[in-house]
Amino acid sequence: MIQMVGKSNQTKFLYYQPHRTPAPSESVPIDLDRFSALSSQLFCAIGATGYFQMLHPQWSEVLGWSVETLMSKPWLEWIHPEDSGSILHELHKLIANGTEVVTYKVRLRCGDGSYRWFWWKVTYAQSEKQLYAVVRDLGEHPWCDLSSHANGENATSNQIRREFNTPQAHFRLLMENVKDYAIYMLSERGYIISWNAGAERVNGYSTDEAIGKHISIVFPPEDIEKKRPEKILHTAAVEGRFEDENWRLRKGGQRFWANVIVTAIRDAEGQLLGFSVVTRDITERKRAEAELQQAYQDLEEQVEERTAELSQTNARLLQEVRSRQRTEEALRQSKAYLKEQAQQLEKTLYQLQRTQGQLIHTEKMSSLGQLVAGVAHEINNPISFIYGNIDYARHYIEDLLHLIRVYQQQYPCPPPEIETAIEQIDLEFIATDAPRLLESMQEGAERIREIVVSLRNFSHHDRTRIKRANLHEGLDNTLMVLQYRFKETPHMQGVRILKSYAEDLPQVECYPAELNQVFTHLLNNACDALEEKRKTSLAETDGTPPTIRIRTYVCKNRVAIALADNGCGVSENVREQIFDPFFTTKVVGKGTGLGLSIGYQIVVEKHGGRLYHRALEGEEAGLKTEFVVEIPLQLPDSAQETHQQDATA
């Protein structure tokens, strides 16, 4: 039967040496030290008290401590403080969760004060309440001198890394490197058996100072007197977990607020093994909460005060808004009214400008008409005397010439004095030329009388009087008055007038003098266009003489007068504005821009007719532009009303 005997300085595996050949039923003792000597693995057993119960003799060679020294202290004291938390987590998983085997890597303190890495493979014997471990020395680095796995199989460094890169290894490293949380383990009686770096920072005790001490070292005196540590552990053991926020003590007696979570650790059978404690310093949070609470209270007071102020301000603003709304509404109404007034004023100004221009032009034409009428009247009297006495003078001269012929018959041989006088006055030439002289004088007098009549007809003292008129007479009178513009000059050929009058053109009800005024403006503009063409040398290029064509015709219930010329024409940008008041393309001093505008008013507004222009293409004599005046045979009612208003005014 194999026996395990423990000694003070070492533990050996012994066997009984046989003195004879044993029977088949007998057990042959085997010395297991021979096997351990052949293995590179280290063996150990750890009891429930936390001390080594058995150690392989090679532990002394590897660590530099004697076996007695290693077994005299809890085994966790030989573990690096940063690794104890991860070990306890793994052992808790092994014991509490019933895991068969756990593996981990830790550092152990050597006799010279250095640390070496060891790879542990641990199992737990429930019946014996002991941990059995197989350990391999890794050297100063967790990967050094590792050529085989704990189960004896060869493993590459990649396999080892995969083993190290496990969730358990990550969790262990996390525990070891957590600095903001104090994480440590307690025995079932409340003694500290592990202490991480976070616990050193939070509580101020080093690992050596904390391991083996009771948890009450971190409680203030008043809590110790009230046996608060024991009560917390009892609550955690009964309920499985306890969470608390209260004062704790650091080494040196400094108090701090801590959030503490105590969790009971039990094995698979429910037996309490100890406690895990996680502590977090929340002093700054408490201070911030207190400051925040105070700030919140201050803010509430300020908000209440500010709310009251805002309520008053809102009331004032609401009143101001309403006042502004009323003001804006009044402004909108005023703006709309002013806009309407502005439009009305603009329209009135436009009408005023048109009326002013028309009045000026009408006054001008009226003055001109009066002047022409006066001149015609003054000329008419003497020319009437001359024209009336020409017949008498012809008879008197014929009688005198007859008397001279009788004298010559009766006295064929006159005295020398008479002969001399006859020769001096060339009596024969006088007798022959006198009748022709009288005929020429009579023709001139008749021409002057025709001009006077035309002037009188053109001036029309009764300008505001509506009557039926023959438009051909008005055109001829206008041509007679403007005859000076058609004559040849040193700089320009004479204007050729082509008449194409309709036969039996009906008389129209109109204002004859004002229509003559329209004809005058149109003929003057035609002459200006012909002069402009001459200035631009266009007349020389087309070879056509200056020409004005006048046509009359009847279209439905209207009489149309069309005046065309072969001048320079009307450009596109001018056509849209040609009838606007004061618009002119002539140089300053040449035109006022009122002629066509007033003509448009006379034809359209006073007679209810039409006045428009059009471009001519392919016409004879190179005609380019034609203005058409259409006058209804009977004045419409609107024109009659306008006439009545003008007469009243």
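Let's start with the second largest pocket, which has a volume of about 900 Å³. Keep in mind as we go that this is a predicted model. If you want to find the pocket on screen, go to A48, T49, G50, I193 and L273, which are the closest to its centre among the 34 residues that line it.

Where does that lining come from? Five elements each supply at least two residues of it: helix 4, covering 81-96, then strand 7 at 130-139, strand 8 at 181-187, strand 9 at 192-195 and strand 12 at 272-281. Helix 4 provides the largest share of the lining, four residues. As for the chemistry, the lining of this pocket counts 20 nonpolar residues, nine polar ones and five charged ones.

Now let's move from the pocket to the enclosed spaces. How many cavities of 30 Å³ or more does the structure hold? There are four cavities in that range, and the largest cavity has a volume of about 100 Å³. The residues closest to its centre are Y184, I215, F219, V260 and V277, out of 14 that line it. Strand 8, helix 10 (228-239), strand 11 (255-266) and strand 12 are the elements that give two or more residues to the lining of this cavity. Which of them gives the most? That is helix 10, with three residues. You may recognise two names here: strand 8 and strand 12 contribute to the lining of the largest cavity, and strand 8 and strand 12 also turned up around the second largest pocket. By class, the lining of the largest cavity has 11 nonpolar residues, two polar and one charged.

For the last part, please scroll along to helix 14, residues 471-481, and helix 16, residues 512-535. Their axes come within 9 Å and cross at roughly 50 degrees. Why do we call helix 14 oblique to helix 16? Because that crossing angle lies between the roughly parallel range, under 35 degrees, and the roughly perpendicular one, 65 to 115, helix 14 counts as oblique to helix 16. The crossing of helix 14 past helix 16 is right-handed.

And what does helix 14 bring to the contact? On its side we have L471, G474, L475, T478 and L479, and they meet L515, N516, F519, T520 and L523 in helix 16. Sorted by class, the contact between helix 14 and helix 16 has six nonpolar residues, four polar ones and no charged residues.

That's my tour, so over to you for questions!

Key: Residues are numbered from 1 along each chain as its sequence is written. This is a predicted model: local features need pLDDT of at least 70, side-chain atom pairs count only at pLDDT 80 or more; totals for chains, interfaces and linings use all residues. Side-chain values use heavy atoms; hydrogens and water are left out. Axes are lines fitted to C-alpha atoms, for helices over the stretch in contact, and angles run from 0 to 180 degrees between N-to-C directions. Angles under 35 degrees count as roughly parallel, over 145 as roughly antiparallel, 65 to 115 as roughly perpendicular and the rest as oblique. A crossing is left-handed if the near helix is turned anticlockwise from the far one by less than a right angle, and right-handed if clockwise. Contact means heavy atoms within 4.5 Å. Ala, Val, Leu, Ile, Met, Phe, Trp, Tyr, Cys and Pro count as nonpolar, Asp, Glu, Lys and Arg as charged, and the others, Gly among them, as polar. On a 1 Å grid over the protein atoms alone, a cavity is a set of points where a 1.4 Å probe fits but cannot get out, and a pocket is an open set with protein on both sides within 12 Å along at least five of seven lines; lining residues have an atom within 4 Å of a point. Grid points are joined across faces, edges and corners, and a volume is the space filled by probe spheres set on the points.
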